[in-house]
Amino acid sequence: MVARDYDQPSLPSWNDHVNNANYIRIAMEYLPEEFAYRHVRVEYKRPVRFGEVIVPKTYLSTDGIFYVELLSARAVCAILELK
């Protein structure tokens with residue numbers, strides 16, 4: 001996925017970074033339909049720039065926590081924890 005797909009073009013960031021709220025929106029797209037959560041924690045590692053390709057990696061832990069890592073070609077951008 002390309003980062004520009006997740007921000008409104010009418011509200012550009014002054015530093016060409018994707019708005020932090022969009023990290024959560026991306027993670028929600030990869031949740032299993034039946035997964036119920038009450039808490040979201042985001043650990044921001046590095047900013048995602050508009051046009052940058054990011055790849056989500058998902059996994060469900062044995063204790064029922066769903067994780068989404070957002071990866072770019074250079075590094076982990078964010079880790080989201082939903083429980």
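The following legends describe several close-up views of a single protein chain, taken from a predicted model.

**View 1. The whole chain, with its helix and strands.**
The protein chain contains 1 helix and 4 strands, and when these elements are read along the sequence they follow the pattern α-β-β-β-β. Of the 83 residues in the protein chain, 36% count as buried, while the accessible surface comes to about 5,400 Å², with 53% of that area belonging to carbon and sulfur atoms. Among the contacts in the protein chain with a separation of 6 or more, 56% are accounted for by residues that stand 24 or more positions apart.

**View 2. Confidence along the chain.**
The mean pLDDT of the protein chain is 83, and 83% of its residues reach 70 or more. Over residues 7-12, however, the pLDDT is below 50, and this stretch has 5 contacts in the model beyond near neighbours in sequence. A reader new to the structure may wish to keep the low pLDDT of residues 7-12 in mind when looking at that stretch.

**View 3. Aromatic pairs, beginning with Phe-35 and Phe-66.**
A pair of aromatic rings is described by the distance of the centres and the angle of the planes. The structure holds 3 aromatic pairs, and one of them is formed by Phe-35 and Phe-66, a tilted pair with 5.6 Å from centre to centre and 45° between the planes. Phe-35 lies in the loop between helix H1 (21-28) and E1, whereas Phe-66 lies in strand E3 (residues 66-71), so the pair ties together parts that are 31 residues apart in sequence. Both of these residues, Phe-35 and Phe-66, are buried. In the pair made by Tyr-59 and Tyr-67, the ring centres are 5.2 Å apart and the planes are at 25°, so this pair is stacked. Tyr-59 has a relative accessible area of 36% and is partly exposed, whereas Tyr-67, at 17% relative accessibility, counts as buried because the limit for that class is under 20%.

**View 4. A network of salt bridges around Arg-41 and Glu-43.**
Side chains of opposite charge can pair when their charged atoms come close. A search of the whole structure finds 5 salt bridges, and a network of salt bridges links Arg-41, Glu-43, Lys-45, Glu-81 and Lys-83. Within this view, Glu-43 forms a salt bridge with Arg-41, for which the closest N and O atoms are 3.6 Å apart, and the side chains of Lys-45 and Glu-43 also meet in a salt bridge, at 2.6 Å from N to O. Arg-41 in turn meets the side chain of Glu-81 in a salt bridge of 3.7 Å, N to O. Because Glu-81 lies in strand E4 (residues 76-82) and Arg-41 in strand E1, this pair ties together parts that are 40 residues apart in sequence. As for their surroundings, Glu-43 is partly exposed with a relative accessible area of 28%, Arg-41 is partly exposed at 35%, and Lys-45 is partly exposed at 44%, whereas Glu-81, at 10% relative accessibility, counts as buried.

**View 5. A nonpolar patch on the surface.**
Met-28, Tyr-37 and Val-40 form a nonpolar patch on the surface, and together they have about 200 Å² of accessible area. Val-40 is found in strand E1, which spans residues 40-44. With a relative accessibility of 32%, Val-40 counts as partly exposed, and it can belong to the patch because patches are made of residues with over 30% relative accessible area and no salt bridge.

**View 6. The surroundings of Pro-47.**
Pro-47 lies in the loop between E1 and strand E2 (55-60), where it is partly exposed, with a relative accessible area of 38%. When its neighbours within four places in sequence are left aside, Pro-47 is in contact with His-17, Tyr-23 and Glu-52. The view also takes in Asn-15, which is 32 residues apart from Pro-47 along the chain, and the C-alpha atoms of these two residues are separated by 9.9 Å.

Key
Residues numbered from 1 in each chain as written. Predicted model: local features only at pLDDT ≥ 70, side-chain atom pairs only at ≥ 80, totals over all residues. Heavy atoms only, no water. Patch = residues over 30% accessible without salt bridge, like charges linked within 9 Å, V, L, I, M, F, W, Y side chains within 5 Å. Areas by Shrake-Rupley, 256 points an atom, 1.4 Å probe, with all protein chains shown as cover. Salt bridge = Lys/Arg side-chain N within 4 Å of Asp/Glu carboxyl O. Helix = DSSP H or I, 4+ residues; strand = E, 2+ residues; numbered from the N terminus. Buried < 20%, exposed > 50% of the residue type's maximum accessible area, 1.4 Å probe, protein only. Contact = heavy atoms within 4.5 Å. Phe/Tyr/Trp six-rings, centres within 6.5 Å; stacked < 30°, edge-to-face > 60°. pLDDT = per-residue confidence, 0-100.
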